[in-house]
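Here are some quick notes to read alongside the structure. Have the viewer open as you go through them.

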Amino acid sequence: MLAQQYGPLQGKMLQIMDENGVILQTDLVPDRQDEAWLESYMTMLKTRSADNKALQLQRQGRMLTYAPNTGQEAAQVGSAAAMAEGDWLVPAFRELGAWLTRGVDLERVYLYWYGNELGSKFADGVRVLPISVPIGSQFQHAVGIAMASNIKGEDDVTVAYIGDGGTSIGDFSEALNFAGVFNAPVVFIIQNNQYAISVSRQKQTKAETLVQKAVAAGIPGILVDGNDLMAMYAATKEAIDRARDGGGPTLIEAYTYRLGAHTTSDDPTKYREDEEVEKWRAKDPVKRMKAYLIAKGIWSEEEDVRLIEQYDEEALEIFRKVEATGETELEDIFKYHFAEMPEHLQEQYDEYVQYLKEVE
Ligand SMILES: Cc1ncc(C[n+]2csc(CCOP(=O)(O)OP(=O)(O)O)c2C)c(N)n1
């Protein structure tokens, strides 16, 4: 069992493929067809392309805000690819790769960052919860959904994501504790991208790893190279299978790095050195998988260039549709936040209406 070999107190990290795409542990390569790896790679590429496009659009003043994902594609695509059809995905706000893997339309994601609430409404049958910005709150929802699956006698598993900063929030510990006690079929994934905005991982906790927090909850945990698609797939698949078989929750720490800014309103050069970023750029999850597929003879540089162009064009096309919906009216925030407007919002709304009259 991987979670034993690479458990929280073993001092080891699961890595199947090295930084150059060379397989280190043949016996650990998950049993998956070449086409399936290629498909996951394409989703990583699409994620990166959509990410770059969102950033450009925001810089052009066309997208409201955006939380970049570059560098974390393997942690997300690898884990989400291990899910089965009826499984639930509970994200935070930076899970573009996981969303695309699980069938969320890029149009919805762009709508959300464009400021349109319809961006939270996914197609029927897509078992993905909307973006959750209040840090850690989604972990409670995830455990609730997983407990409901148990109570209903269904075998769906819930996979939930959180950042390294999120592990300092009470919700995180409460969720792990509840999940353990009630044997909830849930897989918790910490994307340790080393920063919570400007707060480094070292300032988050004195614990040596984040995954060791599984020990206190009495649940299995595993530390994984989050930039290794195969390792992420293998660890998540094992955890999901265990949960489905009644084995309860698992905590996974995906050791990765946010290559870009926290959001488009952040300047990471203020709190980290270029050298550090370059060190991590060499561990790029997309480049690594590309090298593997090319060495296997099932992918080429030319195909890669063409596909990136195609994804770039598609992303722009999708955004144009989003842009055509027009800007969200500010009054919608007051009107539709609750079924009935509470007193304090009514007051603010009246003030806003008054302001509009004054500036007219
Ligand atoms: C409860 C709460 N407190 C503070 C914030 C402001 N905030 C937004 S993102 C963020 C940092 C999150 O860091 P991490 O959990 O490591 O995830 P990452 O952004 O790195 O993906 C904070 C503090 C918030 N959204 N919710």
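Which residues make the nonpolar surface patch of about 310 Å²?

1. Phe178, Val181 and Phe182 make that patch. Keep in mind that we are looking at a predicted model. Phe182 sits in the loop that runs between α7 (170-181) and β3 (186-192). With a relative accessible area of 42%, Phe182 falls between the buried cut-off of under 20% and the exposed cut-off of over 50%, so it goes down as partly exposed.

2. On to the domains. The protein is split into domain 1 (2-328) and domain 2 (329-360). Taken over C-alpha atoms, the centres of domain 1 and domain 2 are 37 Å from each other.

3. There is a charged patch to look at too. Glu343, Glu347, Asp350 and Glu351 form a negative patch on the surface. Glu351 belongs to helix α15 (residues 343-359). Its relative accessible area is 59%, and since the exposed class begins over 50%, Glu351 counts as exposed.

4. Now for α3. How many of the eight residues of α3 are buried? Eight of the eight are, so α3 is largely enclosed by the rest of the structure. The buried residues in α3 are Glu73, Ala74, Ala75, Gln76, Val77, Gly78, Ser79 and Ala80. Note that Glu73 is a charged residue in that list.

5. Just before that helix comes Pro68, in the loop between α2 (34-59) and α3 (73-80). Is Pro68 buried or exposed? Its relative accessibility is 3%, under the 20% cut-off, so Pro68 counts as buried. Pro68 and Phe93 are 25 residues apart in sequence, and their C-alpha atoms are 9.8 Å apart in space.

6. Salt bridges next: the structure holds 18 of them. One of these pairs Arg48 with Asp284, where the closest N and O atoms are 2.8 Å apart. This pair links distant parts of the chain, with Arg48 in helix α2 and Asp284 in the loop between α11 (274-281) and α12 (285-296), 236 residues apart. Both Arg48 and Asp284 are buried.

7. Glu107 and Lys321 are worth a look as well. Their side chains meet in a salt bridge, at 3.6 Å from N to O. Distant parts of the chain are linked here too: Glu107 is in helix α5 (residues 106-114) and Lys321 is in helix α13 (residues 301-323), 214 residues apart. At 24% relative accessibility, Glu107 is over the 20% limit for buried, so it counts as partly exposed.

8. What separates Arg242 and Glu238 along helix α10 (residues 229-244)? About one helical turn, because they are four residues apart in that helix. The general rule is that an α-helix has 3.6 residues a turn, so residues three or four places apart point the same way. The side chains of Arg242 and Glu238 meet in a salt bridge, 3.5 Å from N to O. Arg242 has a relative accessibility of 13%, under the 20% cut-off, so it counts as buried. Elsewhere, salt bridges that share partners join Arg48, Glu73 and Asp284 into one network.

9. One last link between these points. Glu73, a member of that network, is among the buried residues of α3, and its network partners Arg48 and Asp284 are buried as well.

Terms used: Residues numbered from 1 in each chain as written. Predicted model: local features only at pLDDT ≥ 70, side-chain atom pairs only at ≥ 80, totals over all residues. Heavy atoms only, no water. Patch = residues over 30% accessible without salt bridge, like charges linked within 9 Å, V, L, I, M, F, W, Y side chains within 5 Å. Areas by Shrake-Rupley, 256 points an atom, 1.4 Å probe, with all protein chains shown as cover. Salt bridge = Lys/Arg side-chain N within 4 Å of Asp/Glu carboxyl O. Charge placed at Lys NZ, Arg CZ, Asp CG, Glu CD. Helix = DSSP H or I, 4+ residues; strand = E, 2+ residues; numbered from the N terminus. Buried < 20%, exposed > 50% of the residue type's maximum accessible area, 1.4 Å probe, protein only. Domains from an automatic or database assignment.
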